[in-house]
Protein chains: 2
Amino acid sequence: MTTAAPLPSLAAALPGSDLVTDPDVLASLSCDDAEWAPAGRPVAALRARSTAEVRAAVAACADLGVAVVPRGAGTGLSGGANATEGCLVLDLSRMDRVLEIDEENLVAVVQPGVVNNDLKAAVAEHGLWYPPDPASAPWSTIGGNVATNAGGLCCLKYGVTRDYVLGLEAVVGGPAGAYGTAVRLGRRTTKGVSGYDLAGLFVGSEGTLGVVTEVTLRLLPAPRGVPGTVVGAFDSLVAAGRAVALCTRRGLRPAALELLDRACLQAVEEWKHLGIGAEADALLLARLDAPGPAGDEEAEAVAAAFRDAGAHWAERSTDAVEAEALFEARRLAYPALERLGPVLTEDVCVPRSAVPAMLARTEEIAARHGVRIATIAHAGDGNLHPLLITPPGDGRARAAAQSAFEELLVEAVALGGTVTGEHGVGLLKRGGMRRELGPEVCAMQEALKRSLDPLGLFNPGKVVGDPAAGAPA
Amino acid sequence: MTTAAPLPSLAAALPGSDLVTDPDVLASLSCDDAEWAPAGRPVAALRARSTAEVRAAVAACADLGVAVVPRGAGTGLSGGANATEGCLVLDLSRMDRVLEIDEENLVAVVQPGVVNNDLKAAVAEHGLWYPPDPASAPWSTIGGNVATNAGGLCCLKYGVTRDYVLGLEAVVGGPAGAYGTAVRLGRRTTKGVSGYDLAGLFVGSEGTLGVVTEVTLRLLPAPRGVPGTVVGAFDSLVAAGRAVALCTRRGLRPAALELLDRACLQAVEEWKHLGIGAEADALLLARLDAPGPAGDEEAEAVAAAFRDAGAHWAERSTDAVEAEALFEARRLAYPALERLGPVLTEDVCVPRSAVPAMLARTEEIAARHGVRIATIAHAGDGNLHPLLITPPGDGRARAAAQSAFEELLVEAVALGGTVTGEHGVGLLKRGGMRRELGPEVCAMQEALKRSLDPLGLFNPGKVVGDPAAGAPA
């Protein structure tokens, strides 16, 4: 991929489109929320409004040898939406229409720029539910959720974005014909095995195989009744991890099972004054949504498991306002910690039985590198988000955080885990991914990328890129 | 792919393996249960006992230019396991060990030859459940289930094989290095987005991308309590289809919602004398497994929906033996019909709201072509199995059935559906798949196949093969 095309050539090739060239706006569209991930300078950005406009842009970029970097709300945490040098940033956030809600088939068809919570609200009016709920749901788009296969709180019981994507429209190139061809992948039916699962392959591919311009999603009937909440306070992270393992072993299936450590609780309390107790070393929050008496039984069983694992208290919250405040604290933990300085976000996922060990190693790595690490976790999934917080402008602290970051990746893989549970590889996890998968599987990944994008036009350098490269050209 | 390698070369290259060459045994290993799908004559078969033996066989076949056709129990219905001319059939049914059941992480690791029901029984001893339940579960293997992304009765609520495959070991070639390389794809954790979803891509790929030699599966806690059964009898197939649509629209979530028509009921009754009433034109069977009173409420709601849609009776079965007999009848429908003559099996899947229309068009096509069609269906999924039954040895009836078969595929696609919900493309659905996906998406499929299997060694001609070809070489 060369990046020599001057802006006038691109503008001439896209007469119907307004290209963004203002340096400040371009800079704001050049990176996501990943701390310290390298970003190049785009030649321009295009705020696409239709599939036709995306098709024209991709075709023009292919002709001119300009890379295409798609983006939604830019809430990613791995650098997957960061601009490459000389690229066209394709901002899809204005393709934000819910095109169809099909009550008879429990299906929604949406443009990629629809915000997750807006979709939830739209389908709720029809008595339906779109479960995936990343903490970024108030801001992040379905297109971005698809690009990273976003998870969230309720995926413990209800699965991740992948489990709700039936079909896609994507603008692709390579074997499908000229770059700029729009294809429909997947299906609209509940089941289907007609050919390789290309729709599934595009989910989590971070815009490296094409530009997703429409998504067909599976919905569920809206849940009935009010879910119960159980809170447990623990004197150590490791004890909380043991409680998670015990819930799994006892066959309990909470809809969410979240962990916050003291640093997270304090940061949220200092910012928002929600009145949550921040004196425990670790808090576990469980949400139980089995209907009727079964839900009550399950809530009691979870509280008992918390106590048996050593909680100094564990109670079912009978106050809906209090319960909501606790989950709100969970959602606010990340922005609350960001107020304290640059945050480098881990997203390791380990087998559930290894959660206590991973938490112990995290504490040990934090102490050894002298790095402040706060941990929030989808603990029931084994998906941990140690957050490495550095004082602004402190180069030495930054270097220590980056060393600790890589070491956490190594530990997660050593425990049988993965370097990324739901945030994606982007730029930050490329080295970790290579160590996790090994050279043979990485070679298969690269062969797939080449087969569907022989020009290397789509989001080059991400996922399968060389981790030694900085801002990829 | 040439197929000229003589048997002695293959035997010399595999000194530790017993090659099957007896013509009768070879013939029995040369096809699956797909009626009239073409099959070639293999040069030999190998009943592999280890990954090492599979690796050696694949490497030898690559050297000699011999195609590799993997197979399990041979219960497939699309010809995906049929031999190609001069191939080595790689029978994996003796790699049948459950390697690990991990209660702490709800994971099982199995060899591909483990029979589905055997796995269910093994994990049940640990209080765990492996949900996917194709009607072939007493015979079909997990490897075959993975190859076709098998569904079944309970996937309405619990998903298909794909939803339970976390990771795979596969013997591959191409970009991973020399043919015969074993790689681990996917993960063991509940979530993970480290690179493209290769494990997901292999599920449903019918052995065309490599040979799966180990599968890591997600399990659920065993269900508690006894599920309820609701039976509804209808005066027409279309009325039963309307009842299915009504259940969906009312937000009901049965664990299974199955349809049998009169022909199926009679064939089972004549064979097994289960004492089921075979006088209705269509029977719907619903299984409800919500725990406690919620399950009772749901059962009543399903019975009400059946009545509102025009059932001439609909009752909750209070007799567990009777309920089991009804589901047993569902499972026996296919073998019961096979007793009557060669059965050509459809596997179309349409949006749920289109079930009544698809059933009506099926009846119309049967009448127009003079073909006897019995229908069983995972109706709640929109996945219909019209079974085309012909008198043995009647060439004219066979031609009519084949015409009706293709016409049913066309109608399913016209209704927004797919040509295969859970049986796979194999040989029989290649033409239908091409019409469904269109040339651009088929070109992407072929590019993927070439990128991971540049020699065209693995199960050539299946899925992405030329539908005009007979027994592929």
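Across the interface of chain B and chain A in this predicted model, the rule finds 6 salt bridges. One salt bridge joins Arg249(B) to Glu104(A), with the closest N and O atoms 2.8 Å apart. Within chain A, a second interface lies between domain 2 and domain 3, where the count is 1 salt bridge.

**Interface of chain B and chain A: polar pairs and composition**

- Between chain B and chain A there are 26 residue pairs in polar contact, both residues being at pLDDT 80 or more.
- On the side of chain B that touches chain A, at least two residues each come from strand E9 (181-186), helix H7 (198-202), strand E11 (220-221), helix H8 (237-249), helix H10 (293-308) and helix H14 (430-452).
- The biggest contribution to that side is from H14(B), which gives 13 residues.
- By residue class, the side of chain B that touches chain A holds 34 nonpolar, 28 polar and 17 charged residues.

**Interface of chain B and chain A: extent**

- Contact involves 79 residues of chain B and 78 residues of chain A.
- The two chains bury about 6,300 Å² between them, and 63% of this area is on carbon and sulfur atoms.
- Lys191(B), Val193(B) and Tyr196(B) supply 16% of the area that chain B buries against chain A, more than any other three residues.

**Domains of chain A**

- Chain A is divided into domain 1 (7-93), domain 2 (98-221), domain 3 (225-328) and domain 4 (341-455).
- The centres of domain 2 and domain 3 of chain A, taken over C-alpha atoms, are 30 Å apart.
- In the contact of these two domains, 5 residues belong to domain 2 of chain A and 9 residues to domain 3 of chain A.

**Interface of domain 2 and domain 3 in chain A**

- Domain 2 and domain 3 of chain A bury about 620 Å² between them, with 52% of it on carbon and sulfur atoms.
- On the domain 2 side, Leu153(A), Leu156(A) and Lys157(A) lose the most area to domain 3 of chain A, together 83% of what that side buries.
- Lys157(A) also takes part in a salt bridge, its side chain meeting that of Asp289(A) at 2.8 Å, N to O.
- The two domains have 2 residue pairs in polar contact, both residues at pLDDT 80 or more.
- The residues of domain 2 of chain A that touch domain 3 of chain A divide into 4 nonpolar, no polar and 1 charged.

Notes. Residues are numbered from 1 along each chain as its sequence is written. Chains are lettered from A and ligands numbered from 1 in the order in which they are written. This is a predicted model: local features need pLDDT of at least 70, side-chain atom pairs count only at pLDDT 80 or more; totals for chains, interfaces and linings use all residues. Side-chain values use heavy atoms; hydrogens and water are left out. Contact means heavy atoms within 4.5 Å. Buried area is the accessible area (1.4 Å probe) that two parts lose on being put together, summed over both. A salt bridge is a side-chain nitrogen of Lys or Arg within 4 Å of a carboxyl oxygen of Asp or Glu. A polar contact is a pair of N or O atoms within 3.5 Å; within protein, one must be able to donate a hydrogen and the other to accept it, and residues adjacent in sequence count only if both atoms are side-chain atoms. Helices (H or I, at least four residues) and strands (E, at least two) are DSSP runs, numbered from the N terminus. Ala, Val, Leu, Ile, Met, Phe, Trp, Tyr, Cys and Pro count as nonpolar, Asp, Glu, Lys and Arg as charged, and the others, Gly among them, as polar. Domain bounds come from an automatic or database domain assignment.
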